[in-house]
Amino acid sequence: MQFLWAFLVGGALCLIGQVLIDRTSLTPARILTGFVVAGVILSAVGLYEPLVELAGEGAAVPLSGFGHLMAQGVRDAVDRDGAVGILTGALSAAAAGIGAALAVAGGKSIREVDGADVRGIMVEK
């Protein structure tokens, strides 16, 4: 049953993103940011944790799950370290995922992406 809920919830989140791409003029970057912020907000009001318990990775893997993870990290760090946790909690909680994303993206040169270096200057090939 867990697999079914993961499929349904993860698919619904993907469907929302696809509808936003197809039916609005929002850029993909704004949609992705919106998913992260929605995860933070739903986590803050206590609605995202029950969704993760129901759907498991179907709710934890999408970008809204990343926002939920960061919100949990801030909450735990504030309980442990006080106000400093506001600044450190999100990155501490998400460090493994961020590190994995950078390692996977390592196939592309950081200096050169799509024919332009990081300053936007075209690179001779």
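A contact means heavy atoms within 4.5 Å. This is a predicted model, in which local features need pLDDT of at least 70 and side-chain atom pairs count only at pLDDT 80 or more, while totals for chains, interfaces and linings use all residues. Residues are numbered from 1 along each chain as its sequence is written, and side-chain values use heavy atoms, with hydrogens and water left out.

**Exercise 1. Describe the overall build of the protein chain.**

Solution.
Step 1. Begin with the elements: the protein chain has 6 helices and 2 strands. Helices (H or I, at least four residues) and strands (E, at least two) are DSSP runs, numbered from the N terminus.
Step 2. Read along the sequence, these elements give the pattern α-α-α-α-α-α-β-β.
Step 3. Turn to burial: of the 125 residues in the protein chain, 26% are buried. Buried means under 20% relative accessible area, exposed over 50%, and partly exposed in between (1.4 Å probe, protein chains only).
Step 4. The protein chain exposes about 8600 Å², and carbon and sulfur atoms supply 70% of that area. Accessible areas come from the Shrake-Rupley method with a 1.4 Å probe; for residues, only the protein chains shown count as cover.
Step 5. Among contacts between residues at least 6 apart in sequence, 46% join residues at least 24 apart.

**Exercise 2. Determine the surroundings of Ser43 and Ser64.**

Solution.
Step 1. Ser43 lies in helix α2, which covers residues 28-44, whereas Ser64 belongs to helix α5, residues 63-81.
Step 2. Is Ser43 buried or exposed? Ser43 counts as buried because its relative accessible area is 5%.
Step 3. Ser64 is likewise buried, because its relative accessibility is 3%.
Step 4. Leaving out residues up to four places away in sequence, Ser43 touches Tyr48, His68, Ala71, Gln72 and Arg75.
Step 5. With the corresponding exclusion, Ser64 touches Leu13, Phe35, Gly39, Tyr48 and Ala59.

**Exercise 3. Identify the largest nonpolar core and the elements that build it.**

Solution.
Step 1. A nonpolar core is a set of buried Ala, Val, Leu, Ile, Met, Phe, Trp, Tyr and Cys residues joined through side-chain atoms within 4.5 Å.
Step 2. The largest such core holds 8 residues: Val9, Leu13, Ile31, Phe35, Tyr48, Val52, Ala55 and Ala59.
Step 3. Two or more residues of this core come from each of α1, α2 and α3 (48-55).
Step 4. Helix α3 gives the largest share of this core, 3 residues.
Step 5. Consider one member in detail: beyond its neighbours within four places in sequence, Ala59 is in contact with Val9, Leu13, Tyr48, Leu51, Val52, Ser64 and Gly65.

**Exercise 4. Characterise the largest pocket and its lining.**

Solution.
Step 1. Rolling a probe the size of a water molecule over the atoms shows where empty space is left. On a 1 Å grid over the protein atoms alone, a pocket is an open set of points where a 1.4 Å probe fits, with protein on both sides within 12 Å along at least five of seven lines; lining residues have an atom within 4 Å of a point.
Step 2. The volume of the largest pocket is about 150 Å³, where a volume is the space filled by probe spheres set on the points, and grid points are joined across faces, edges and corners.
Step 3. The residues that line this pocket include Leu13, Gly17, Gln18, Ile31 and Phe35.
Step 4. Which helix gives the most to the lining? It is α1, with 5 residues; α1 (2-23) and α2 each supply at least two.
Step 5. By class, the lining has 9 nonpolar, 2 polar and no charged residues. Here Ala, Val, Leu, Ile, Met, Phe, Trp, Tyr, Cys and Pro count as nonpolar, Asp, Glu, Lys and Arg as charged, and the others, Gly among them, as polar.

**Exercise 5. Relate distance in sequence to distance in space for Phe3 and Thr33.**

Solution.
Step 1. Phe3 is placed in helix α1 and is exposed, because its relative accessible area is 76%.
Step 2. Phe3 and Glu57 are 54 residues apart in sequence, and their C-alpha atoms are 9.0 Å apart in space.
Step 3. Thr33 is in helix α2 and counts as partly exposed, at 48% relative accessibility.
Step 4. Thr33 and Ser64 are 31 residues apart along the chain, with 9.0 Å between their C-alpha atoms.
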